[in-house]
Every structure is written in structure tokens, then in C-alpha cells.
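Q: Hey, I just opened this one and don't know my way around yet. Could you walk me through it?

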Amino acid sequence: MRSKNTNANSFDDEIHVFYKTENGKWNYHTYNTTTDPGTFWLNNPSYEKGTAILAEGQYKNAYAIGLHRGLYKALKQVKAVTVVRDYDRDALLDFNNGTEESGIFGINIHRAESSGSTKYINKYSAGCQVFQNASDFDEFMQLCEQHRLRYANSFTYTLIDFRAVRRITWKRVITASTAIAAIALGWITKNILYNERA
């Protein structure tokens, strides 16, 4: 879940993991993460079109357990995802103004520091989805290993933008309010006409 904050360099997003336990009950975990690149890469893109920001959407079977940069186990991107290229070299995240691109870009799901909790994103994300706390990431990877043993080394990742959810909610509220107002207006008009005839 991407937060409504467009200021870069803070771990203000969340990764949610949910699954059924052996007794059929749902278990749920929430982890502090970033779904956005850090200010270092926004200011110094390593790609001429700009720094990658993963676009909202569902990426079916796009991840598998592998090595992040050849160093440690993480979820590696193995199928195409869509990114928005932030090209204006400032510390603000431009989700709607960049160029969209789909492909394999190494948008992995990994951790920041190898121990403890990391305060700022900085160089830890050039578009990857990054855990703030190393212990949270270890727990997450244990869950991934359990999934791999039971099913397969294949993971679907769904990124939801808080602002998009809020826009949809407001749209539904406005639509419902308009419908209620139209029904009420129809009922009032019908009663007025009925009273005039009487």
C-alpha cells in the first residue's frame, strides 16, 4: 500500500502479507517499507529516461526467491512490471507525469540495512520495494520459503496507491449521494404533482 505522501526518502508505505493457517484461519502481517525510490536516485538517475517508480497494479507471478544483486536472498523480479520514469531530478515523486515502461528492470523486494531499522531510503531503492527493518524482512522471507515449499517459487505482488483508493471512495460517495438526491427529488416532485391534482 503506497501512502499519500509524495515526499521521497521515508519508509512510509506498507507491505501486507496474508494467508490461511493450517486450521483454516487467516493470518495477517504488515511491514513498514518503501515502494518509492530514495532521493539519491531521484536526483541522480542511473537511467537516462529517469528513475523507476513501480506503477500501481497487480503483477502476477512476477517474483521468485533469488539473490538481490548476488548478495542475499530476496524476491527477484522475473516477469515484466510497469514503471513510471521520474525524469525531473528533484526530491518529489512524480507518479503521473513520467513515461511508462514495461519490462524486467530489477525491481526487487529486499531490505535496507542488514540489521536493525533504517531511517532514510537514500541509495537503498532505485525503484525496488524495500523493507525498513531487517528482522521484518527475515520474517517475510521465512513466509516466502514456506510458500515455496507448499506451492512454488512464484509470487504475485499487488501495489495499491492510497490516493487512488481515496479517489475511488470519493467517486462512490458522490455517485451514491447523487443517486439518493435524484430519488429524493423524484419523490418530492411526484408528491407535489399529486397534491396539485388533488
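**A first look around**

A: Sure. The accessible surface of the protein comes to about 12000 Å², and 54% of that belongs to carbon and sulfur atoms. Keep in mind that this is a predicted model.

Q: OK, how many helices and strands does the protein have?
A: There are three helices and ten strands. Going from the N terminus, the elements run β-β-α-β-β-β-β-β-β-β-α-β-α.

Q: And what share of the residues counts as buried?
A: Of the 198 residues, 37% count as buried. On the contact side, take those with a separation of 6 or more: 61% of them are between residues 24 or more positions apart.

Q: Let's start at the front. In what sense do strand 1 and strand 2 pair?
A: Antiparallel, over eight bridges; strand 1 covers residues 13-20. The two form a hairpin with five residues between them, and Gly 24 in the turn has a positive phi of about 85°. As one example of the pairing, Tyr 19 stands opposite Asn 27 in strand 2.

Q: What about strand 2 and strand 9, how many bridges there?
A: Two, again in the antiparallel sense, with strand 9 spanning residues 129-131. Thr 34 has Val 130 in strand 9 as its bridge partner.

Q: I clicked on His 29. Is it buried or exposed?
A: Buried, because its relative accessibility is 16% and the cut-off for buried is under 20%. His 29 is located in strand 2, residues 26-34.

Q: Which side chain does His 29 make a polar contact with?
A: The side chain of Tyr 19, at 2.9 Å. Leaving out residues up to four places away in sequence, His 29 touches Ile 15, His 16, Val 17, Tyr 19, Glu 139 and Leu 143.

Q: Switching topic: how many salt bridges are there?
A: The count comes to six. One of them joins the side chains of Glu 22 and Arg 150, at 3.4 Å from N to O. That pair links distant parts of the chain, with Glu 22 in the loop between strand 1 and strand 2 and Arg 150 in helix 2, 128 residues apart. Glu 22 is exposed at 77% relative accessible area, while Arg 150 is partly exposed at 47%.

Q: Which residues are linked in a network of salt bridges?
A: Lys 49, Arg 85 and Glu 101. For Arg 85 and Glu 101, the closest N and O atoms are 2.8 Å apart. Arg 85 lies in strand 6 (residues 81-86) and Glu 101 in strand 7, so this pair ties together parts that are 16 residues apart in sequence. For Lys 49 and Glu 101, the closest N and O atoms are 3.6 Å apart.

Q: And how covered up are those three?
A: Arg 85 is buried, with a relative accessible area of 6%. Glu 101 counts as buried at 17%, whereas Lys 49 is partly exposed at 39%.

Q: One more spot: where does Asn 133 lie?
A: In the loop between strand 9 and helix 2 (134-150). A polar atom of the Asn 133 side chain is 3.1 Å from the backbone nitrogen of Asp 136. Setting aside neighbours within four places in sequence, Asn 133 is in contact with Gly 116 and Ser 117.

Q: Last one, which residues make the nonpolar surface patch of about 220 Å²?
A: Met 1, Ile 160 and Phe 162. Ile 160 is found in the loop between strand 10 (155-159) and helix 3 (162-197), and counts as partly exposed at 36% relative accessibility.

Definitions and conventions. Residues numbered from 1 in each chain as written. Predicted model: local features only at pLDDT ≥ 70, side-chain atom pairs only at ≥ 80, totals over all residues. Heavy atoms only, no water. Helix = DSSP H or I, 4+ residues; strand = E, 2+ residues; numbered from the N terminus. Buried < 20%, exposed > 50% of the residue type's maximum accessible area, 1.4 Å probe, protein only. Polar contact = N/O pair within 3.5 Å; in protein donor to acceptor, adjacent residues only side chain to side chain. Contact = heavy atoms within 4.5 Å. Pairing = 2+ DSSP bridges. Patch = residues over 30% accessible without salt bridge, like charges linked within 9 Å, V, L, I, M, F, W, Y side chains within 5 Å. Areas by Shrake-Rupley, 256 points an atom, 1.4 Å probe, with all protein chains shown as cover. Salt bridge = Lys/Arg side-chain N within 4 Å of Asp/Glu carboxyl O.
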